[in-house]
Amino acid sequence: MSDMAPLKAKVSLLERAAEVYDFAEHARARGASVAPQPVAQPVAQPLPIAPVAKAAPRRGVAAIDRALLAERGLLVPGAAIDALTEEFRLVKRQLLTTARTVRRSDADLSRTILVCSAQPNDGKTFCAVNLAISLAAERDVEVLLIDADFAQPDVLARLGLPDGPGLLDALADPKVDVERCVVRTDIPQLSLLPCGTKSNADTELVASARTGELIAQLLAADPTRLLIFDSPPVLAASPASVLANYAGQVMLVVRADCTGESDLREAVALLDGCEHVQLVLNAVAFAPGGRRFGTYYTQEEDAT
């Protein structure tokens with residue numbers, strides 16, 4: 001994770017990012033270790049996770065396979081605390097802090113978060129799903145993860161669930177009740193909204209007044225609900241910059257071994273519809289034997 005202090009996209013975002021992310025250095029030496037910043041990072045070979053007791057799902061609730069989550073390197077609710085758990089705890093704490101700042105001027109806007117990246121394959125869906133699972137562990141929130149990557153929706157597939165009617169259907173047809181498209185899961189306090197039927201007019205649908213109406217409806221349905229949008233990459237598809245206008249803050253995923261400085265600058269410029277843009281540095285290389293978040297929970301107490 002990079003510097004997660006609340007930032008304004010129009011001020012000194014790139015300068016702050018450069019303090020912890022030397023773009024030129026990464027271009028010269030791929031895979032080198034970086035400064036030990038907390039980071040949300042994919043797990044190549046997930047550690048064995050003890051089976052988690054799971055109650056039978058309620059009627060109409062989608063069951064999410066915990067073993068599949070572990071296999072794909074995602075957070076597993078109720079599993080032992082590890083590095084990834086701690087890293088996303090830090091990420092969500094900063095986002096929740098920023099949400100309190102946004103709430104002073106707009107209570108509804110403070111409950112919307114857009115997750116995106118500059119280019120494909122930077123790990124933005126991985127980060128969006130893990131952020132949603134981590135936020136769902138909070139005591140006083142309900143999380144709705146919305147698959148808004150209209151060209152390549154992947155949220156439900158990544159969780160082992162089938163697609164169905166969703167956001168695009170409700171945008172295209174005012175008769176569609178968006179709440180009936182929401183998929184409740186057996187992860188407490190986590191629901192999903194599928195992308196829906198693909199359309200060649202996805203950007204135009206998102207840019208319509210209907211989008212604001214649907215967001216207001218989703219927020220009004222539950223005063224504790226947080227909306228997390230998994231959007232397309234900013235430089236690959238236009239809906240991301242449109243969705244930024246409806247977000248209280250943006251979590252921009254930066255891949256340490258891939259994202260270039262020019263891509264980051266261009267992505268930030270296109271997200272200027274949102275005042276609060278924060279960076280998460282993904283796929284950081286750690287030196288062998290280096291300390292990582294989460295290891296403290298597995299250490300035995302010293303016999304003194």
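This note goes through a predicted model of one protein chain, point by point.

1. **Overall make-up.** The protein chain, which is known here as a predicted model, has 12 helices and seven strands. Of its 304 residues, 49% count as buried. If one takes the contacts in the chain with a separation of 6 or more, residues 24 or more positions apart account for 83% of them.

2. **The nonpolar cores.** In soluble globular proteins, nonpolar side chains tend to be buried together. The largest nonpolar core in this model has 43 residues, and those with the most contacts inside it are Leu193 and Leu252. Apart from it lies another core, of 38 residues, which includes Leu74, Val91, Ala132 and Leu145.

3. **Leu193 and its surroundings.** Which residues is Leu193 in contact with, leaving aside its neighbours within four places in sequence? They are Leu144, Leu145, Ile146, Asp147, Gly166, Leu167, Val178, Cys181, Val182 and Leu218. A reader who selects Leu193 in the viewer can look for each of these partners in turn.

4. **Ser191, in the strand that ends at residue 193.** Ser191 has its place in strand 4, which covers residues 190-193. Is Ser191 buried or exposed? Its relative accessible area is 10%, and because buried means under 20%, Ser191 counts as buried. Once neighbours within four places in sequence are set aside, Ser191 is in contact with Val143, Leu144, Leu145, Val182, Val183, Arg184 and Thr185.

5. **Gln189, just before that strand.** Gln189 lies in the loop between strand 3 (183-184) and strand 4, and with 24% relative accessibility it counts as partly exposed. Most residues other than glycine have a negative phi. Gln189, however, has a positive phi of about 70° although it is not a glycine, and a student checking backbone angles may wish to look at Gln189 for this value.

6. **Asn121, another positive phi.** The phi of Asn121 is near 70°, which is again a positive value in a residue other than glycine. Asn121 lies in the loop between strand 1 (112-117) and helix 5, and it is exposed, with a relative accessible area of 71%.

7. **The second largest pocket.** Asn121 also appears in the description of a pocket, since Pro120, Asn121, Lys124, Thr125 and Asp149 are the closest to the centre of the second largest pocket among the 18 residues that line it. About 360 Å³ of space lies in this pocket. Its lining residues divide into seven nonpolar, six polar and five charged, and the largest share of the lining, three residues, comes from helix 5 (residues 124-136).

8. **Helix 5 itself.** Where does helix 5 sit with respect to the rest of the structure? Of its 13 residues, 13 are buried, so helix 5 is largely enclosed by the rest of the structure. From its first C-alpha to its last, helix 5 reaches 18 Å, which is close to the 18 Å expected at 1.5 Å a residue.

9. **The cavity.** How many cavities of 30 Å³ or more does the structure hold? There is one, and about 50 Å³ of space lies in the largest cavity. The residues that line it are Ile146, Phe150, Leu167, Leu171, Val206, Thr211, Leu214, Ile215, Leu218, Phe229 and Leu243. The elements that give two or more residues to this lining are helix 7 (167-172) and helix 10 (209-220), with helix 10 giving the most, four residues. The lining divides into 10 nonpolar residues, one polar and no charged.

10. **Ala172, in helix 7.** Ala172 lies in helix 7 and is exposed, with a relative accessible area of 54%. Although Ala172 and Asp202 are 30 residues apart in sequence, they are 9.2 Å apart in space, C-alpha to C-alpha.

11. **Leu235, in a loop.** Leu235 lies in the loop between strand 5 (225-230) and helix 11 (239-243), and with a relative accessible area of 23% it is partly exposed. Not counting residues up to four places away in sequence, Leu235 touches Ala118, Gln119, Asp263, Glu266, Ala267 and Leu270. One of these, Glu266, is 31 residues from Leu235 in sequence, and the two are 7.7 Å apart in space, C-alpha to C-alpha.

Key. Residues are numbered from 1 along each chain as its sequence is written. This is a predicted model: local features need pLDDT of at least 70, side-chain atom pairs count only at pLDDT 80 or more; totals for chains, interfaces and linings use all residues. Side-chain values use heavy atoms; hydrogens and water are left out. On a 1 Å grid over the protein atoms alone, a cavity is a set of points where a 1.4 Å probe fits but cannot get out, and a pocket is an open set with protein on both sides within 12 Å along at least five of seven lines; lining residues have an atom within 4 Å of a point. Grid points are joined across faces, edges and corners, and a volume is the space filled by probe spheres set on the points. Ala, Val, Leu, Ile, Met, Phe, Trp, Tyr, Cys and Pro count as nonpolar, Asp, Glu, Lys and Arg as charged, and the others, Gly among them, as polar. A nonpolar core is a set of buried Ala, Val, Leu, Ile, Met, Phe, Trp, Tyr and Cys residues joined through side-chain atoms within 4.5 Å. Buried means under 20% relative accessible area, exposed over 50%, partly exposed in between (1.4 Å probe, protein chains only). Contact means heavy atoms within 4.5 Å. The expected span of a helix is 1.5 Å times one less than its number of residues.
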